[in-house]
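Here is a friendly walk through one model, written for someone who likes to keep the coordinates open alongside. Shall we take a look?

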Amino acid sequence: MEILKVEHLSKTYGTGEAKVEALKEVSFSLEKGEFAAVVGESGSGKSTLLNCVGGLDTPTSGKIWLDGQDLFAMKEKKRTVFRRQNIGFIFQSFQLIAELTVEQNIIFPLLLDYQKPDQRKVEEVLDVLGLSDRKHHLPGQLSGGQQQRVAIGRALVTQPMLVLADEPTGNLDSKNSRDVMDLLMKASRYYQQTILMITHNEHLTAGVDRVLRVKDGHLTDLGGVRA
Amino acid sequence: MKHYLDLVKISAKKRKKQSRMTRICIVLAVFLVSSIFGMADMEIQSQMYQAVQTDGAWHAAFNGLSEEQIRLIRSRPEVVDSSLYAAVNYSLDQGYMLGGTETVICGFDESMTELMPEAAIDEGNFPSEKDEAALTQSAKKRLNLAIGDSVALSFPSGEEHVFTVSGFCDDTSLLTSSDAFGVFVSTETYESYFMDDTKTEDFQLYVRFTPFCGIQKTISDICEQLDINPDSVGQNTKVLGLMLQSSDPYMMQLYFAAALLAFLVAAAGILMISSSLNSNVAQRTKFFGMLRCLGADQKQIVRFVRREALNWCRTAIPAGLALSIAVVWGLCALLRILSPSYFTGMPVIGISWPGLLAGVIIGLVTVLLAARSPAKRAAKVSPLTAVSGNAGTVTAVKRAVNTKMFHIETALGIHHAAGSRKNFILMVCSFAFSIILFLSFSPAVDFMNHALRPLQPSAADLSIKTADGGNGISKNLAEELKENPVVKRVYGRSFCSDIPARAGDTDFTAYLLSYESEQFHWAEDSLMSGGIDAAAEGSGVLAVYMNSVREFAPGQQVELALPSGAQTVEVCGTLSEGMFSVPDGTTIFICSEELFEKLTGIDQYSVIDMQFTSQVTDGDVDEIRSLAGSGVNIEDNRMGNSEVKGAYYSFALFLYGFLAVITLISIFNIINSIAMSVSARLNEYGAMRAIGMSTGQMVRMVAAETVTYIFWGIVAGCAAGIALNYAMFNMLVTSRWGDAWTFPGVETAVILLVMILAAAAAVRGPSRRIHEMSIVDTISAL
């Protein structure tokens, strides 16, 4: 089942001599439960691709469908709610809210929807993340790896259609990087979670279903590599 | 870049917006302090100018001195000017007449003109010869005199003495309002012709001391050394008070009140700058961590923050001072427009050096002191902060948000405000201070209304009165005066005194007065019960309560025994006061002109009052004088009215100016502080937007933060402000006039409304920024 469909996506910054074509006619799609990695050099356009797919940035041309819905046909307000409910984000710098505890950070997207979180589910996520004993801690009291695990929990708690991860291991050491990748892998395999991850570290693509390479704004599908 | 401190300029360029907000805070604080101190200084200068013009520049007046005592006082080094002074016929009932007009005779030394500018000779010379005299301008005009003319002054005994006119000087308000002349002679001439007792009894020695000699101590030294009774020494309380040299207990209380207000203003300035610097440094924890990471030691960070603060001062302090100068000039210009005759002596573009100095000191010292704490805090930032992941962290968070009571955005907003105790206290205090300042200054309005009674709308510029107090002025004169283009309003009154009256079983004596429509209209302000209409239409009378021993109720019948026979009138309303002064205990009834004529048969006025347009000249008044003819007294109150108006305008303008500045600063402070707080968290907001927070939720979060500050600011401000309002009211009003303090409801409502509107405006700006915020740019900046 096709979850994400990107067609002829282009993104251009600036005009005249300062014009930069970050994405050129990019097209691809992701099936449900697929774990794809986007690799490329720094400045190749991979973050732009992720921002456009996540509805954070508006493409210059092209279309993006998520579960059959045209992302940019929606009004800004509707897109925000749609994003909140259907897309989970994981950032390189975690982006946790310093004033919220581990548990509160994880349920933050639910709270934004004024939903009462299912405590059993939350406990289960905490357990999977290995953060049950840290649920009342503030982000400042956690290690980098733990913080990124919280961010993963926050991205997964709404059971979104798509999780976008932007260099999720960029700020972590090798052990924590491995832990984070294991978690993402687990989410993909056991919960059929569709994940699109950006990384410049090609070693991390070892276990993913597909690898997409972005170079000078062009996207090439390198196919599946999952063992 | 040659020195690490050069980074200050580079950093300022990169962080223009945040720097601008901190600069605005310093500008506002300096503006607040220097404009309030500047306005106070200009008000003191203006009051001093007026006090010198009306009361004279003398400091002390010694009575009953011997020649030797006079010589000893005059020889003291602290004495700058001195003059002997004596006056006769001050009460205008002793029979000294010039051309048939009561005349005040004053004798003094030429040096008196330094001590009493009113006595300065405008034309000609001081009367130095024995038979010379200087006359007031009104005498010159009305008697058609010129310098060198002879003028005969008649004495109470009927004798006449001829003086040669040596010069002319200005009228005083007392003389013009009493339609009297003034004759000024030398002390020798006075001794020869007017002295009733010995010189010791008659003359006073007016003295002006050097300004900083400690006048009270000098006076008590003189009294002690020359064996003078201190109670016999008169003091120019107003001038001494304005020089901060009065020992009058009430003045001391005023000084204390002024010092308290000055302290509050300075504290408000300090708080505003402190909270701004605190917020500015707090939002750059990561930057300072990075500096520490690169090897900067704690002292270098402290120096960096201090240099940065001084850098802001370089432009912010002059800007604050320039703004305050502009405001003070604007107020001075306004005063000159409102009351040109009264404020001629006021500098058009006066600069208040004490105000500017206060602004610079408060600005500079506060910035340096306020920079100490954030600088220390910045220096304590761990190098680890720079490399840790939580870039959105503005302050070190110690407590988690309570998401159980409120929606997440509201809970976060409240936590943003109250999360950091120090920041919360500073912000709340800086908002509370606006209320405290406003409520502390507001009793000064009551003080002003007691100390300087505003000119009544009915106050006449010129009154034509019958010399005998009877009704001898034709109503046609009033009609003729109405045609005069310089006359704005004309309103006459007829008067019938000593009417035997009876209300119920009580007999008493009443006065009956007539009003025309204009006076009935003014009377509405003093209506206590009933209505005016019946009296204005001629079917009833108004009873005046003022000075009365009797109380009347609407509908009460009163029988008046008039020469034409007994007449019954019905009281249709009661007034608290009237436009006239009558003996205590007198009962006054007011009726329409038609009813008055019907009751008394009198169809003439006793008094015609008029108000002029601003174009009136002395020539116009002379014309009216000749139109009124003889047998009437003309009271020219223009000068006195102008003095009352001027003094009231000046105080009112500066006082309301203070309140306006405080209000304005409150508004800017709230808007700027909230904008700063939002700027500080913009990156964090970007992350929240990315996760899915809607713009509406973001706005509610900022609103919750603002409301938290404002709510606690209002609580703290009202608690302290109302207590201070009570204390100030007691000091300024209750101790002098005995009025009981009442809850300042209107003042509190005004400042609270201002705070709430400012808070709404404060949320609006950041809301717009949040709407326009690019999530990608914000995230990328992290």
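## A hairpin at one end of the sheet

In chain A, strands E9(A) and E10(A) run antiparallel and are joined by five bridges. Before going further, please keep in mind that this is a predicted model. Within the pair, A:Arg213 has A:Thr220 in E10(A) as its bridge partner. The two strands make a hairpin with two residues between them, and A:Asp216 in that turn has a positive phi of about 50°.

## The sheet of chain A

The hairpin strands belong to an open sheet of six strands, in the order E6-E7-E8-E3-E9-E10 (chain A), with mixed pairing. Strand E6 (87-90) and strand E10 (218-223) stand at its edges; each has a single partner strand, so one side of each lacks a neighbour in the sheet. From one strand to the next, the twist averages 20°.

What about the other partner of E9(A)? Strand E3 (residues 35-39) runs parallel to strand E9 (residues 210-215), and four bridges join the two. Here A:Ala37 is found opposite A:Val211 in E9(A). While you inspect these strands, one general point may help: in a regular strand, side chains alternate between the two faces of the sheet.

## Helices on the sheet

Two helices of chain A are worth viewing against this sheet. H5(A) lies across E6 and strand E7 (162-166), running at about 170° to E6(A). H6(A) packs on the sheet as well, where it touches E3, E7 and strand E8 (194-199), and its direction makes about 155° with that of E8(A).

How do the two helices meet each other? The axes of helix H5 (residues 144-156) and helix H6 (residues 174-191) of chain A come within 9 Å and cross at roughly 15°. An angle under 35 degrees counts as roughly parallel, and H5(A) and H6(A) are therefore roughly parallel to each other. Their crossing is right-handed. On the H5(A) side, the contact residues are A:Gly144, A:Gly145, A:Gln148, A:Arg149, A:Ile152 and A:Leu156; these meet A:Asn176, A:Asp179, A:Val180, A:Leu183, A:Leu184 and A:Ala187 in H6(A). By class, the contact comprises six nonpolar, four polar and two charged residues.

## H3 and its surroundings

Another helix pair in chain A has its own geometry. Helix H3 (residues 102-112) and helix H4 (residues 119-129) pack at an angle of about 115°, with their axes 11 Å apart. H3(A) passes H4(A) in a right-handed crossing. A:Glu103, A:Ile106 and A:Ile107 from H3(A) meet A:Val122, A:Val125 and A:Leu126 from H4(A). The residues of this contact divide into five nonpolar, no polar and one charged.

How many residues of H3(A) are buried? The count is 11 of the 11, so the helix is largely enclosed by the rest of the structure. Among them are A:Gln104, A:Asn105, A:Phe108 and A:Pro109. The buried residues pack against H2, H4 and H5 of chain A, together with helix H16 (408-418), helix H25 (682-691) and helix H26 (695-737) of chain B. Just after H3(A), A:Tyr114 takes a positive phi of about 55°.

## Where the chains touch

The surroundings of H3(A) lead on to the interface, in which 31 residues of chain A are in contact with 25 residues of chain B. On the chain A side, the elements giving two or more residues are helix H2 (76-86), H3 and H5. By class, this side has 16 nonpolar, 10 polar and five charged residues.

## A look at chain B

Chain B has 28 helices and 22 strands. Of its 782 residues, 47% count as buried. Considering contacts in chain B with a separation of 6 or more, 83% are between residues 24 or more positions apart.

One residue to pick out is B:Phe711, which lies in helix H26 of chain B. Is B:Phe711 buried or exposed? The answer falls in between: B:Phe711 is partly exposed, with 16 other C-beta atoms within 10 Å. Its C-alpha atom is separated by 9.6 Å from that of B:Phe431, and the two residues are 280 residues apart along the chain.

Definitions and conventions
Residues numbered from 1 in each chain as written. Chains lettered and ligands numbered in written order. Predicted model: local features only at pLDDT ≥ 70, side-chain atom pairs only at ≥ 80, totals over all residues. Axes fitted to C-alpha atoms, helices over the stretch in contact; angles between N-to-C directions. Parallel < 35°, antiparallel > 145°, perpendicular 65-115°, else oblique. Left-handed = near helix turned anticlockwise from the far one by under 90°. Contact = placed C-beta atoms within 7 Å. Nonpolar A, V, L, I, M, F, W, Y, C, P; charged D, E, K, R; others polar. Pairing = 2+ DSSP bridges. Buried ≥ 20, exposed ≤ 12 C-beta atoms within 10 Å, placed from the backbone.
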